[in-house]
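Thanks for coming. I have a few slides on strand pairing and one on the surface, so let me put the structure up.

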Amino acid sequence: MKTIKYVFSFFIAFSLFTGCENDDDNLDFLNDVNAPTEVSATFNILQDNSGKVLITPNAVGASIYNITLGDGTEEPVLVPQGESVENIYVEGTYTVTIEAVSINGLKTEITQQLVVSFRAPENLIITAEIDGSNPFQVNVSAVADYAASFEVFFDTSNTEEEATPLSLGEAVSFEYPIVGDYTVKVVALSGGVEMTEATVVVTITTPTVLPIDFEIFDSTVFFGFGGASGDIIDNPDMNGNESAKVARVVKGAPEVWAGNVIVGSSPIDFSVKKVIKLDVWSPRPGGTLLLKLENLDDANIFIEIEAPLVGNSEWEEVAIDLTDIPTLETETYQKIVWFFDFGTVGDGTADWTFYVDNIRQDFAGVVVSQLIEDFEGTPPPAFISFGNIADTEVVTNPDMSGINTSPNVAQLTKTNGSEVWAGALFDTGSPIDLASFGQINVKTWSPIVGAVVKLKLENADASITHEIDLPTTVANEWENLLYDFNDAPAGDYVKVVIFFDFGNPGDDSVYYYDDIELVGTLQDFSFQDFEGTPPAFIAFGNIADTQVVSNPDPSGLNTTANVAQFTKTSGSEVWAGTLFATPDPLDLTSYSQISVKTWSPTSGIVVKLKIENADASITHEVDITNSVANGWEELVYDFSGAPPADYVTVVIFFDFGTSGDDSLYYFDEFTLTN
């Protein structure tokens, strides 16, 4: 049979040869044909764990091949030159025999080793979520390419833990006994010996860590004292607050200081967010909320601030700004205490039933930002990748949802086997303004929870650097990571470096990031305090000149050295006043109010504040009636309704609408605020 095959192949080759040469009956050339040389085979193993292999033989001077597959199949497979044979193997090592046959039947035989090993699972994504009804239970599921099944270890520090099997498309659960950080490891199994593993960190906390929204807690999260009680119930008023559950507080007798307290599991971190906000529902118009923060061990260390309430049986947001509290960051505060209408005894009826929800922290003032890079420009930044990872590049946003619907994002692929410190950097082109902002926000997308995302800033020669680590908290969706660079040493930082899953070698995971921006809090801006070169006042309406003098009453709200004095001369006009120019236009885009400290010998007078553009063709004025006599008070004027303009003149009128009587007035510290 083999001879017939060879003769058939010979005549095919001979016919082709004679067809080209037109030299019939001359076969002498066959005597010069040698046995095939350089015999080899290419093994193309399909990387889908199917075991399918494509074998392509090759040689110099061969016409056909006999391939012995090495898997127990006895009959060789005939393969013409330039063709291939396909076979399915189980995982293992095989000896494949390649016999190359020339046009005249001469043969050369070699053997070549074939190793079939199933591909390790790839793109392992772990989903580890705290159960909605049990804050101590984690639910784990996983997906991976080429995986047959999984094994889950819920606490890698427990060396005696046995693996929990996890099937494709299923989830397994575990309840932790105490709070803490636990590393969950998931091993993706292939059909053979290859496997891939990854870890995520699960944080189990008590219910008393801000923010608190009362959705998954029972009434033990807080307790009452002095006659106040509390429990968690269905929200009785979804208008203005759509939470399903809220805390109900009933103030009863006998104490005027009856209240409620939440004891946190750790001190409140005020390093960045210095405002406590909470949603309150009160049936008592014009009531108050007294918020007290207390040290866990020493009740003598506390902060108390009282806030007015609108009441009227509707939800309202209460914001307690702690920015100016000197002990905010030198002491620790772990107890949150609240009192409604402190000083009055409640009777436990509906008139003394309050609701509280969404206790949280926020930034003080207005949050402002400045973009560093959003990857929408052309050309994109010149990325430099390091640590044996694939090039970082700008791509189309693969998940245009949630907080990030922008078209383009940066993609970083942490190549399999890349260094634990692999990352990418780009040059910003100009120094990053940390002096004005202090924080940097980055939108990130990670396939895993708990991956450390390190952000590092460098000056031009990397002699000054600062880096901060933050873990991802969600998988397969965008989230904001806010990095606090307020402690970074002074330097002209012009390079942004980012590392994903820092500390772990690469596994071909793909990460995305976008919208790198500076973030800060807009601080009040004082544009005139009369301590420097005095402005050129222009008095009008038959009053004496306005001038800068020593503060006649350095007490209370104003202990500064110098103030402006305004004398409303006897017989002066009812509209008599004074004005001065500002060095720059007032920024009423960032700010909406102007505050000024005033001193008047009488209360109940109108103090008008007016702003003008350069030619007074555009103006806006606001009246406030003062409430303090012979003392300093701060008047805050709302200019949110002022028409757009470059306002460069400030005009002030005291006792507007009344003729002058030689009264002396003082004003100081003009400040843009919100």
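**Strand pairing and one surface patch**

In β9, D145 is the residue that stands opposite E122. Before going further, please note that this is a predicted model.

E122 and D145 mark one position in an antiparallel pair: strand β8, residues 122–131, is joined to strand β9, residues 134–145, by eight bridges. Strand β9 is also joined to β12, residues 172–175, again running antiparallel, here through four bridges. If you want a position to look at there, find N139, which stands opposite S173 in β12.

As general background, strands in a sheet pair through backbone hydrogen bonds, in either a parallel or an antiparallel sense.

Next, the open sheet. Four strands make it up, in the order β11-β10-β13-β14, and the pairing is antiparallel. Which strands stand at the edges? They are β11, 164–166, and β14, 195–204; each has a single partner strand, so one side of each has no neighbour in the sheet. From one strand to the next, the twist averages 25°.

Within that sheet, β10, residues 149–153, pairs with β11 over three bridges in the antiparallel sense. F150 stands opposite L166 in β11.

Last, the surface. V256, W257, F342 and V345 make a nonpolar patch of about 320 Å². Where is F342 placed? F342 lies in the loop between β23, 335–340, and β24, 353–362. Its relative accessibility is 39%, and because partly exposed covers the range between under 20% for buried and over 50% for exposed, F342 counts as partly exposed.

That is my last slide.

Conventions. Residues are numbered from 1 along each chain as its sequence is written. This is a predicted model: local features need pLDDT of at least 70, side-chain atom pairs count only at pLDDT 80 or more; totals for chains, interfaces and linings use all residues. Side-chain values use heavy atoms; hydrogens and water are left out. Patches are made of residues with over 30% relative accessible area and no salt bridge: like charges are joined within 9 Å, nonpolar side chains (Val, Leu, Ile, Met, Phe, Trp, Tyr) within 5 Å. Accessible areas come from the Shrake-Rupley method with a 1.4 Å probe; for residues, only the protein chains shown count as cover. A salt bridge is a side-chain nitrogen of Lys or Arg within 4 Å of a carboxyl oxygen of Asp or Glu. Helices (H or I, at least four residues) and strands (E, at least two) are DSSP runs, numbered from the N terminus. Buried means under 20% relative accessible area, exposed over 50%, partly exposed in between (1.4 Å probe, protein chains only). Two strands pair if DSSP finds at least two bridges between them. Axes are lines fitted to C-alpha atoms, for helices over the stretch in contact, and angles run from 0 to 180 degrees between N-to-C directions.
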